[in-house]
Amino acid sequence: MVDNLYKAFVDATHNVFHLMLDLSDISDHPADEFQCDDAVDIAIPIVGDLEGDVIYRFPVTTSLNMVSIMSGMQVEEVDAFVTSAISEIANIISGNVLTVLSTNEMTCDLLPPVQRQPDENKEYELKTSCCIQTTIGLVCLDIRLNRVKANHV
Amino acid sequence: MLWKDKYELGVSQIDAQHKELFRRVESFMQTSRSAGNWEEKVPKLNETLEFMKTYVVEHFRDEEEYQKSICYPGYEAHKQIHTGMVNYVLEVSKQYEDSNFNEQLMQQFGGKLLAWLINHVAAEDQRIADYAIKKGVGGNGR
Ligand SMILES: [Fe+2]
Ligand SMILES: [Fe+2]
């Protein structure tokens, strides 16, 4: 299940980056710890058969590059516009994953993105992290979910 | 220019509307992110916002009509996405008016709108064209 989730998120990130940012040179690797001082953390809360958060960690340079590509404008600082645009991308990736999960009879919903860091004090049954490397920088995903219905998958 | 040819569906009415939407979003971003005093940008932004409120609804309606005309199986789900966006636009513009034209709200709105539009047109709307082609009813000889 953890492996499936990992793959589903990596694939969805791939597809969305390819489609929206025209990036094709993308690779991924599991990440135990991702150290980056200057990053924007976007948490997408998930509710339903799986509950928890998926946290997207976009380093500042990655965030600025992504929004510059999308807007065709030079973007120099992380402001409300940038945060909102990358939050929507995190939302789109997560939504695509839920579509895949729903074909496995897992029903989940997303709550609106929030800018926050992972809660280290909570326990999660399904916990995995990955780093996705692109030509415009890294993105790391922290998946922290609990199964609500144990009979699934 | 934000528009890319790969967004084309091959349905001239819909493609023209998409191009117009991209143009308006671009002009909205350029105005809202230009240097200078926020108060001075408000009239132009309000004008674009008002235009978008009407145009988005018209476009969604026309696109849904087109989907019906080709018996697109994803019609209901697509309509729900449209409704969600219309509600979002109306909610934000109400908050914006209530806040007496707060800049942060419009910057947030611009960011979400940009990413949403690119994904919706490049992914969701494209599926309509894929279906039309599969069915042999696609436009532009695609
Ligand atoms: Fe559309
Ligand atoms: Fe649409």
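User: What are the angles among the four donor atoms at the site of the iron ion (ligand 1)?

Analyst: They run from 81 to 166 degrees, and the site is irregular. Four donors would count as tetrahedral with all angles between 85 and 135 degrees; four count as square planar and six as octahedral if opposite donors are over 155 degrees apart and all others between 65 and 115, and anything else is irregular. This is a predicted model, in which local features need pLDDT of at least 70 and side-chain atom pairs count only at pLDDT 80 or more, while totals for chains, interfaces and linings use all residues. Residues are numbered from 1 along each chain as its sequence is written, chains are lettered from A and ligands numbered from 1 in the order in which they are written, and side-chain values use heavy atoms, with hydrogens and water left out.

User: Which are the protein donors of the iron ion (ligand 1)?

Analyst: B:His18 (NE2), B:His59 (NE2), B:Glu63 (OE) and B:Asp125 (OD) lie 2.0 to 2.3 Å from the ion. Donors are N, O and S atoms within 2.8 Å of the metal (3.2 Å for Na, K and Ca); water is not among the atoms, so sites may look incomplete. Along the chain, the spacing of these donors reads H-x40-H-x3-E-x61-D.

User: And what coordinates the iron ion (ligand 2)?

Analyst: The donors of that ion are B:Glu63 (OE), B:His78 (NE2), B:His82 (NE2), B:His120 (NE2) and B:Asp125 (OD), at 2.0 to 2.2 Å. Their spacing along the chain is E-x14-H-x3-H-x37-H-x4-D.

User: How far apart are the two iron ions, and which residue bridges them?

Analyst: The ions lie 3.3 Å apart, and B:Glu63 bridges them. B:Glu63 is in helix 2 of chain B and B:His82 in helix 3 (residues 75–98) of chain B, so this pair ties together parts that are 19 residues apart in sequence. Helices (H or I, at least four residues) and strands (E, at least two) are DSSP runs, numbered from the N terminus.

User: Where does B:His59 lie relative to B:Glu63?

Analyst: Both are in helix 2 (residues 38–69) of chain B, four residues apart, which is about one turn of the helix.

User: Is B:His59 buried or exposed? What about B:Glu63 and B:His82?

Analyst: B:His59 is buried at 1% relative accessibility, B:Glu63 is buried at 0%, and B:His82 is buried with a relative accessible area of 1%. Buried means under 20% relative accessible area, exposed over 50%, and partly exposed in between (1.4 Å probe, protein chains only).

User: What is the secondary structure of chain B as a whole?

Analyst: Chain B has four helices and zero strands, and its pattern along the sequence is α-α-α-α. The C-alpha atoms of this chain fill a box of roughly 55 × 30 × 20 Å along the principal axes. Of its 142 residues, 51% are buried. Among contacts (heavy atoms within 4.5 Å) with a separation of 6 or more in chain B, 69% come from residues 24 or more positions apart. The chain exposes about 7100 Å², with carbon and sulfur atoms supplying 50% of it; the area comes from the Shrake-Rupley method with a 1.4 Å probe, and for residues only the protein chains shown count as cover.

User: Turning to cysteines: how many disulfides does a search of the whole structure find?

Analyst: The search finds one over all chains, a disulfide being a pair of cysteine sulfur atoms within 2.5 Å. A:Cys131 and A:Cys140 form it, with their sulfur atoms 2.3 Å apart. The torsion about their S-S bond is about 85 degrees, so the disulfide is right-handed. A:Cys131 is buried at 4% relative accessibility, and A:Cys140 is buried at 4%.

User: Which cysteine sulfur is nearest to that of A:Cys108?

Analyst: The nearest is that of A:Cys130, 17 Å away, and A:Cys108 is in no disulfide. A:Cys108 is buried, with a relative accessible area of 11%.

User: Why does A:Cys130 not form a bond with A:Cys131?

Analyst: The two sulfur atoms are 7.3 Å apart, which is too far for a bond. A:Cys130 is buried at 0% relative accessibility.

User: Last topic: how many residues of strand 3 of chain A are buried?

Analyst: Nine of the ten residues of strand 3 (residues 50–59) are buried, so the strand is largely enclosed by the rest of the structure.

User: In what sense do strand 2 and strand 3 of chain A pair?

Analyst: Strand 2 (residues 39–48) of chain A pairs with strand 3 in the antiparallel sense over eight bridges; pairing requires that DSSP finds at least two bridges between two strands. A hairpin joins strand 2 to strand 3 through one residue, and A:Ile44 stands opposite A:Val54 in strand 3. Strand 3 and strand 7 (residues 137–147) of chain A also pair in the antiparallel sense over eight bridges, with A:Glu51 opposite A:Asn146 in strand 7.
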